[in-house]
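Reader: Hello! I am new to protein structures and would like to learn how to read one. Could you walk me through this example?

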Amino acid sequence: MNTFRILLLLVLFRGYLGAAEPGPRPGTEPQPPAYEFRPGSFDGTGKWFLGREIAHFMSHQGAPWLERQEREAEEAPARLVAALGLKPGQRVGDVGAGSGYLTWRMARAVGPTGRVYANDIQPEMIALLRTNLAARGITNVVPVLGTTTDPGLPAAALDLILLVDVYHECDHPWEMTRRMADALKPGGRLVFVEYRGEERWIPIKPLHKMTADQVRREMALHPRLEFVENLTHLPRQHILVFRRKAADGPAGPQDGPVPTP
Ligand SMILES: C[S@@+](CC[C@H](N)C(=O)[O-])C[C@H]1O[C@@H](n2cnc3c(N)ncnc32)[C@H](O)[C@@H]1O
């Protein structure tokens, strides 16, 4: 083949070759992650993510456990809220808020000019939360009924999102995290509080604990997020703090797909 023919072929196929090029295309939805389905613990879901079996979510029928008296000593909620360093006027999220055990504490910390978006997937939990907030005269909370793939939070609006004892039971953790990153302002923090999986003495079922390494591995799939610190203020739980990067560009295809472990 002479040079002219080779050049002609290159010109003709340029568009085709260009279209096949890998890389982000604006507006393209990322691929869903590769969740695995295989047997695991007797009380697990059989759904796995990066080598971790996802736990069943806690039914609203277990809500009295969330309000148990011993929780003060076991989890030190006031110390947790103090460690978050919330400021008056901030807009924050409590994802998987349950009966509102942390919500009202956060609501007081951000004050009357601030706002807490309290999300859950169970309407019964949202109803309980409303009752508990009304009993305390708290009026700066917006209850949000979310889905397991979308917490339904406002976009790029929040200074901080807190999940206490929730992430390990999200049945679509990757999708939830992606949407939570959407909801954070640049620089906003995403905070996971989970019972420490590294410590066997902590009397919580294994699937309902997480190691810091596992949470960090899962967050590493979201390039818009960066790890900030693991605060060690609590008796039994990690406080793992991530941040939405100051300038992160679109949540393009670089967010997925997730490699199968
Ligand atoms: C163990 S409770 C913790 C409640 C509350 N954070 C607390 O510490 O008291 C877990 C809560 O997470 C909720 N949950 C589970 N998966 C969720 C998801 N994908 N999105 C929002 N909430 C979820 C459950 O409905 C339940 O109310």
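Author: Gladly! Keep in mind that this is a predicted model. Let us start with contacts: of those in the protein that link residues at least 6 apart in sequence, 70% are between residues at least 24 apart.

Reader: What does the secondary structure of the protein come to?

Author: There are 8 helices and 11 strands. As for burial, 35% of the 261 residues are buried.

Reader: How many residues of helix α5 are buried?

Author: A residue counts as buried if 20 or more other C-beta atoms lie within 10 Å of its own. In α5 (residues 103-110), 6 of the 8 residues are buried, so this helix is largely enclosed by the rest of the structure. They are Thr103, Trp104, Arg105, Met106, Ala107 and Val110.

Reader: What do the buried residues of α5 pack against?

Author: Their partners include the helices α4 (77-84) and α6 (123-135), and the strands β4 (91-95) and β5 (115-120). Just after α5 comes Gly111, with a positive phi of about 70°.

Reader: Now the strands, please. In which sense do β1 and β2 pair?

Author: A general idea helps here: side chains in a regular strand alternate between the two faces of the sheet. Here, β1 (residues 36-37) and β2 (residues 44-49) are paired in the antiparallel sense, over 2 bridges. Phe37 stands opposite Lys47 in β2, and 6 residues lie between the two strands of this hairpin.

Reader: And which residue in β3 is the bridge partner of Gly44?

Author: That is Ala55. β2 and β3 (residues 52-55) also pair in the antiparallel sense, over 3 bridges. Their hairpin has 2 residues between the strands, and Leu50 takes a positive phi near 50° there.

Note on methods
Residues numbered from 1 in each chain as written. Predicted model: local features only at pLDDT ≥ 70, side-chain atom pairs only at ≥ 80, totals over all residues. Pairing = 2+ DSSP bridges. Helix = DSSP H or I, 4+ residues; strand = E, 2+ residues; numbered from the N terminus. Buried ≥ 20, exposed ≤ 12 C-beta atoms within 10 Å, placed from the backbone. Contact = placed C-beta atoms within 7 Å.
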